[in-house]
Amino acid sequence: VGPVMAGVIGDTQFQFDVWGSPVNFAARLQSAAAAGKVVLSADAWNSLEEKPPAAVRTAELAGIGRVTVHEIG
């Protein structure tokens, strides 16, 4: 959850890409998810209007530290 930059890069071979801290944070969250589970940050969880059942735990994210995550599935 947060601001990102998005755009097309390249001169002859074009590729769409997204940059920003939220992108890096999402990649770190992905590494904290077990197979068949979805992990949301506290900000993402709080933005949901309807909240499915989830287990709340802390995860150690590389380069970020300990964060609270909500694990669904």
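Reader: Which strand is S41 in?
Author: S41 sits in strand β3, which covers residues 38–41. Keep in mind that this is a predicted model.

Reader: Is S41 buried or exposed?
Author: Buried: its relative accessible area is 8%, and the cut-off for buried is under 20%.

Reader: And what does S41 touch, leaving out residues up to four places away in sequence?
Author: F25, L29, T68 and H70.

Reader: OK, switching to charges. How many salt bridges turn up in a search of the whole structure?
Author: One. The side chains of E71 and R57 make a salt bridge, with 3.1 Å from N to O.

Reader: Which strands does that pair tie together?
Author: E71 belongs to strand β5 (residues 65–72) and R57 to strand β4 (residues 55–61), so the salt bridge links parts that are 14 residues apart in sequence.

Reader: Are the two partners buried or exposed?
Author: E71 counts as buried, at 16% relative accessibility. R57 counts as partly exposed because its relative accessibility is 27%, and partly exposed runs between 20% and 50%.

Reader: Let's zoom out. How many helices and strands are in the chain?
Author: The protein chain has two helices and five strands. Starting at the N terminus, the elements run β-β-α-β-α-β-β.

Reader: How do β1 and β2 pair, parallel or antiparallel?
Author: Antiparallel, over five bridges, with β1 spanning residues 5–9 and β2 spanning residues 15–19. The two strands form a hairpin with five residues between them.

Reader: What's up with G10 in that turn?
Author: G10 has a positive phi of about 110°.

Reader: And which residue is the bridge partner of V8 in β2?
Author: That's F16. V8 and F16 also show up together in a nonpolar patch on the surface.

Reader: Which other residues form that patch, and how much accessible area is there together?
Author: V4, F14, V18 and V23 join V8 and F16, and the patch has about 550 Å² of accessible area together.

Reader: Where does V23 lie?
Author: V23 is in helix α1, which covers residues 21–32. At 30% relative accessibility, V23 counts as partly exposed.

Reader: And V18, where is that found?
Author: V18 is in strand β2. Its relative accessibility is 31%, so V18 counts as partly exposed.

Reader: What does V18 touch, again not counting residues up to four places away?
Author: V4, M5, A6 and V23. Two of those contacts, V4 and V23, are residues of the nonpolar patch as well.

Reader: How far apart are V18 and L61?
Author: They're 43 residues apart in sequence and 20 Å apart in space, C-alpha to C-alpha.

Reader: Now overall shape. What radius of gyration does the chain have?
Author: The protein chain has 15 Å, whereas a compact globule of 73 residues would have a value near 11 Å. The C-alpha atoms fill a box of roughly 45 × 30 × 25 Å along the principal axes.

Reader: How much of the chain counts as buried?
Author: 23% of the 73 residues.

Reader: And what does the accessible surface come to?
Author: About 5,300 Å², and 54% of that belongs to carbon and sulfur atoms.

Reader: Last one: of the contacts with a separation of 6 or more, what share comes from residues 24 or more positions apart?
Author: 38% of them.

Notes:
Residues numbered from 1 in each chain as written. Predicted model: local features only at pLDDT ≥ 70, side-chain atom pairs only at ≥ 80, totals over all residues. Heavy atoms only, no water. Patch = residues over 30% accessible without salt bridge, like charges linked within 9 Å, V, L, I, M, F, W, Y side chains within 5 Å. Areas by Shrake-Rupley, 256 points an atom, 1.4 Å probe, with all protein chains shown as cover. Salt bridge = Lys/Arg side-chain N within 4 Å of Asp/Glu carboxyl O. Helix = DSSP H or I, 4+ residues; strand = E, 2+ residues; numbered from the N terminus. Buried < 20%, exposed > 50% of the residue type's maximum accessible area, 1.4 Å probe, protein only. Pairing = 2+ DSSP bridges. Rg over C-alpha atoms; globule rule 2.2 N^0.38 Å. Contact = heavy atoms within 4.5 Å.
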